[in-house]
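Visitor: I have a protein model to look through, and I would like to know what lies behind the labels. Could you show it to me?

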Amino acid sequence: MKDIFAGKNLYCILGEEFSLGRSNIYVAEQMVKAGAGIIQYREKDKKKLNKLDECRKIRSLTKEAGTLFIINDDIDIALLTKADGVHVGQDDLPAKEVRKLIGDEMVLGVSTHSPEQALAAVSDGADYIGTGPIFKTFTKKDVCAPVGLGYLEYVVKNIQIPHVAIGGIKESNVGAVLAAGARCVCMVTEILGSNDIVAIIRRITDKIDNGVIRK
Ligand code: TZP
Ligand code: MG
């Protein structure tokens, strides 16, 4: 099994509408500067050409830094830009079909909201699963109700591939998420809405690494 999240405890996501007027390229540079291990590009409403152009630039800077670069939804752009992987949800192309398109080397992530979906993602060839939304989130449209820490605990105990806990996670409540056993967490608005992206990423990763906020 690929140990894709080895040593990476924070999963960063890019989305310009949450970034206080700053561009994805600027934010990606800040994330890389902070030592982010994983960056996902997630843009729902931009034009394909614009996304391709941004992803080419982000691929180049993440490659140089050794940061894992994942693209949400757009498998074609992930293939064209030689991203490290793609991330799909339950209403996107099925994981099994995506695996056929991307081959065995690229990373495949799948959003899951229940034990059944987690088990299906594993058998469909996912390399990791998104586990959430743990808490209420205002970042994702058409999102299901929060699944809570119970589902995360199920994943920690029963699912062998890596997971990333997501949805409503903040610096203030991440301790509870880590206490439930999460090994990798994602915070979208907490990071993108911060005035100092480098500082918040460094602070959160340091705290997680040093167990400061693990209850
Ligand atoms: N998938 C499940 S919840 C979510 C996604 C992309 C959004 C998480 O954003 P936030 O701001 O950390 O709640
Ligand atoms: Mg999707």
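Guide: Here we go through some salt bridges and one helix, setting values against definitions.

Guide: This is a predicted model, where local features need pLDDT of at least 70, side-chain atom pairs count only at pLDDT 80 or more, and totals for chains, interfaces and linings use all residues. Residues are numbered from 1 along each chain as its sequence is written, chains are lettered from A and ligands numbered from 1 in the order in which they are written, and side-chain values use heavy atoms, with hydrogens and water left out.

Visitor: Why is the pair Lys-48 and Asp-74 called a salt bridge?

Guide: A salt bridge needs a side-chain nitrogen of Lys or Arg within 4 Å of a carboxyl oxygen of Asp or Glu. The closest N and O atoms of Lys-48 and Asp-74 are 2.9 Å apart, so the pair meets that definition. Lys-48 lies in helix α2 and Asp-74 in the loop between β3 and α3, so the bridge ties together parts 26 residues apart in sequence. Helices (H or I, at least four residues) and strands (E, at least two) are DSSP runs, numbered from the N terminus.

Visitor: What makes Asp-74 count as buried?

Guide: Buried means under 20% relative accessible area, exposed over 50%, and partly exposed in between (1.4 Å probe, protein chains only). Asp-74 has 8% relative accessibility, so it is buried. Its partner Lys-48, at 41%, is partly exposed.

Visitor: What about Asp-84 and Arg-59: which of the two is buried and which partly exposed?

Guide: Arg-59 is buried at 7%, while Asp-84, at 23%, is partly exposed. Their side chains meet in a salt bridge at 3.2 Å, N to O. Asp-84 sits in the loop between α3 and β4 and Arg-59 in helix α2, so this pair ties together parts 25 residues apart in sequence.

Visitor: How do you know that Asp-127 and Arg-99 meet in a salt bridge?

Guide: Their N to O distance is 2.7 Å, so the salt-bridge definition is met. The pair links Asp-127, in the loop between α5 and β6, with Arg-99 in helix α4, 28 residues apart. Asp-127 is buried at 10%, and Arg-99 is buried at 13%.

Visitor: How many salt bridges does the structure hold?

Guide: There are 14.

Visitor: Which residues of helix α1 are buried?

Guide: In α1 (residues 24–33), they are Asn-24, Ile-25, Val-27, Ala-28, Gln-30 and Met-31. Among the elements that cover them are β1, β2 and α9. Just after α1, Gly-35 takes a positive phi of about 90 degrees.

Methods
Contact = heavy atoms within 4.5 Å.
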